[in-house]
Amino acid sequence: MAHKTASSRLWLSAIAIAAGGMAAWWWWPDDRISAESGGLIRDGNASFIVTKFAYALGPDAVGTDSCPNGPSKNVAEIFSETANGKRRAGETDEAYGERIEAGGRAISNAPDGRNFCVNPEIAPLDPNTQIMLDPKAQAGGIDLDGKNSRSKSDLTSGRLDFAAADGTTGVDNQFWRAVGCNRSYQQDGPSRGFEEGMYVGEWGILISLSGVDDLENDSDVDITISANADPMMLSPSREALDYGTYSRDREPRFRGQTSGRIENGVLVSEPVDVRFHYVVNGMYLERPLREARIRARLSADGVMDGYLAGYTDVVELYDFQFGYRTGKDAEGKPSDEARRVGSANGAARVLGHTCQGMWQSLHKLADGHPDKSGKFTSISTQYKFEARPAFVVEQSGKNAKQTK
Amino acid sequence: MANRVSSLMANMPIPARQFVVFAIMGLMLAFAAVMLFSSDEPDPEGGPPTVRRLTEEQYRNAIADIFGPETEITGRFERPFRSHGLVAVGTGAAGISPFAVEQYEVSARGIAASVLSKKRRAAFLDCGPKNETEFDAACAQKFLGETGRLLFRRPLSQDELSGFVGLSRSATGQLGSFYAGLELGLYSMLIAPDFLFRIERVAAGNDGAIVELDAYSKAERLSFFLTNAPPDAELLDAAASGSLDGSWGVSRQVSRLMDSERYPEAVRSFFADMLEFDDFGETSKDPQIYPAFNSVVAGEAQEQTLKTIEDHLLENRGDYRDLFTLRDTFLTRSLGVIYKTPIPKREGWQAVRFQPDANRAGIQSHVAFLALHSHPGRSSPTLRGYAMRKIFLCQEVPDPPASVNFTAIEEHVDKANVTARDRLDIHSTEPSCAGCHKVMDPIGFALEAYDGAGSHRTHENGSLIDLSGDLDGQAFASTNDLAEALRNHPETPRCLAQRMYTSAVGRDITWKERYYLDWLIEGFADDDYQVPSLMERIATSDNFFAVVRPMDQPARRVAKNNAANGDGQ
């Protein structure tokens, strides 16, 4: 009897194992994905890749009443206006040029040798950096604080809101005031746009909407703004392709999740902190934006066109835009010091500003996130962007592009 | 043995004995039923033996197999000639241009120099003179004999071998190097017609009008059909030993070759030929209209279809007809742009299953087919309809008349609210056009759901696209309906069997072989339209090796020629 029971148990076990095996085989998930048809919205999701991205600035200010003292100057220009910087009799162009550059380098450092790009806080006030105080100056963007600051005290402090060409008032765009008189931020200047890096795969931005029923009107959509971990897919003429697949950066700090609404085809988001990658001269940097919000129009063919705006921590803005002090190499270690210092000073020389001047302007014009003492620590920053249809996926593996 | 079985049976309990007896009877009944109801292969009819030039792939495979895949081939290859729907048949019909000869010569020089270079020669030579300037006849004979057997896919005759050895000897004298001399001998083999062409020979000793190929030609047909590469040493040994003269020996080799790594390559190569993928070399798209289409995508599109075919036919042993309704495929991220499908896998291939409403069913809905059979800047129901009839159904559609006026079509290409159907309606009023367009366009209209690069669309120039059409009486209104109509068309499996056989023998099917074709199709259906079974059936059939004796070659001369060519060595 005992033998029979053992035998039965053996059989039952075998049957159970076989049945389990069959069930496992049947239900084992395969790696085949399910593909559906459809346009931009699929299962309530619509995603985009940013294909154009630049500071939202106003019409050229240099040469107009907006910059009554002329453009900001670089160290060589500043030195050339000193007594020692005047051209000497019989001095050749080459010799004078070399002397001017050397003089500029000399005034880029403190007497103890510390470079002002690395230590802008120790530098004396730079009177040659101009800020744009013109109350009539225009700039596009979003009203971030819900106020149209145009009072006398705003005029004195320089924290005047702009009016945009499209009639929007109360536009908070202090960054434009800080750089408006710099030659490189004029319409044809090299600092205005910086999307080349996006097209060579150095960085990118993805926007995903979920819970979308209608791209024309939807009172509640979830929005994720994240750094792109994949190179942009391009046509032979190097234009971004629609409906490419991109992975979000796997680092949580490179994604911001918020909610929003679509009204008459315009997406408006609630504020959220976001952070993107940025690469300058082989140095990996980060471009943060606090309380970032989107206001962008969605076209019928799925193109999003509008503003991404918020506040940038003044020190961080200085570091990714002017000083490169936080630059890292491909392995995530601090970049070589010579590269950081050389790049910051070289950029200032070529683009027509001083590091300390920009540091001072940013602090002077800061208008967000006051600290305990009431001092503002961030500056309103507006970006103009265009985004096109894409698929955004999560990636469990390593980023295709190094994430530092 | 018999005693042991009897004793075992005697010792069994009666129920067990009854079970064994019933089981044996059941098996015998099943065998009898198979024998009774399965039809026999029709008597071999054969066609003429062929002379076929190696395709680029076959040339590359031959060099890789014999000298290693690292052997560089520097020459370029001519665009292949297609005949009866296949390059495999065209290789027996096309001539050879001075450019091709020049390129074969370039490749031969490079290959011979690489094989006999100081760095590599030890891998191919286990002999050699003590003094490099001296000629080692035994070594040369061994190397050239063994290599020549693989290159010519048969043993060299004594005269041939003496010729190559003699050439190497005199070159050694003139160049002062045994290896340089051997290099010239090898180079000469590589530009010889016996290497570049598959020259089929008839077996000796049969006086009938229908004869068999000789053993080496059989080995060659088997090998190129099942591996798209020349016979390996084992197959040549089988030919030499006479084992290919019997069905058991052939079956054994067929099984071996179909188990080899090269077999899937042969299947892919056949379908790439059938699907006319060589035409991608001349396919371009207007980048302004189709920015996502480029040469990388074109390559991946072909691979997508071949990968899908391999997965379905070989991995899953699927029904060939289901290729036209299959929604499982593989995509890369680049292809995902055209298919408007998210591809989570960053690199390589993502297995994808299209949902029924995704408008992607069958290989005719793949980018490779759709982009290849379109114009550079727009789709074409005519080109696609023509291609479906020709490629999948083996139906012939006459060429357009020389006087056809295309301006009426071109004028309406980009006009608002005008679809391809509207444009092609113009043809219905032209009697010289209407006949053929009525055959081609209705099946192409369903594929208007895809633009010229293969992306799905619902509108053209602002107008909703009407997908309705007709395939030989089977009306459809969607891409899915078209897929079903193609799958269930009686000519679909027949066309494949015909293409497969013509590809294998390198010529069109003869009138007398139609019974054999019927037999193949019947077997194909019995085997649930599994392509490996069809290929096995062809390769093991008597018809596969049957040839009609050439008119000018009576039996005695065949025997003499074969003796001279070293048959049976």
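Which residue takes a positive phi just after H3(B)? I looked this up first and found Gly68(B), with a phi of about 100°.

I note that the model is predicted, that local features need pLDDT of at least 70 and side-chain atom pairs pLDDT 80 or more, and that totals for chains, interfaces and linings use all residues. Residues are numbered from 1 along each chain as its sequence is written, and chains are lettered from A in the order in which they are written.

**Helix H3 of chain B**

I took helices (H or I, at least four residues) and strands (E, at least two) as DSSP runs, numbered from the N terminus. H3(B) covers residues 56–67, 12 in number. I read its span from first C-alpha to last as 16 Å, close to the expected 16 Å (1.5 Å times one less than the number of residues).

I then listed its buried residues (20 or more other C-beta atoms within 10 Å of their own, placed from the backbone). They are Gln58(B), Tyr59(B), Asn61(B), Ala62(B), Ile63(B), Ile66(B) and Phe67(B). These residues pack against H5 (98–115), H6 (137–152) and H10 (215–227) of chain B; contact here requires C-beta atoms, placed from the backbone, within 7 Å.

**Contact between chains A and B**

I found 24 residues from chain B and 22 from chain A in the contact. On the side of chain B, H15 (333–339) and E5 (350–354) each give two or more residues. The largest share, 5 residues, comes from E5(B).

I next examined the pairing of E5(B) with strand E1 (33–35) of chain A, which is parallel over 3 bridges (DSSP must find at least two for strands to pair). Ala35(A) stands opposite Phe354(B).

Conventions:
A residue is buried if 20 or more other C-beta atoms lie within 10 Å of its own, exposed if 12 or fewer, and partly exposed in between; C-beta atoms are placed from the backbone. Two residues are in contact if their C-beta atoms, placed from the backbone, lie within 7 Å.
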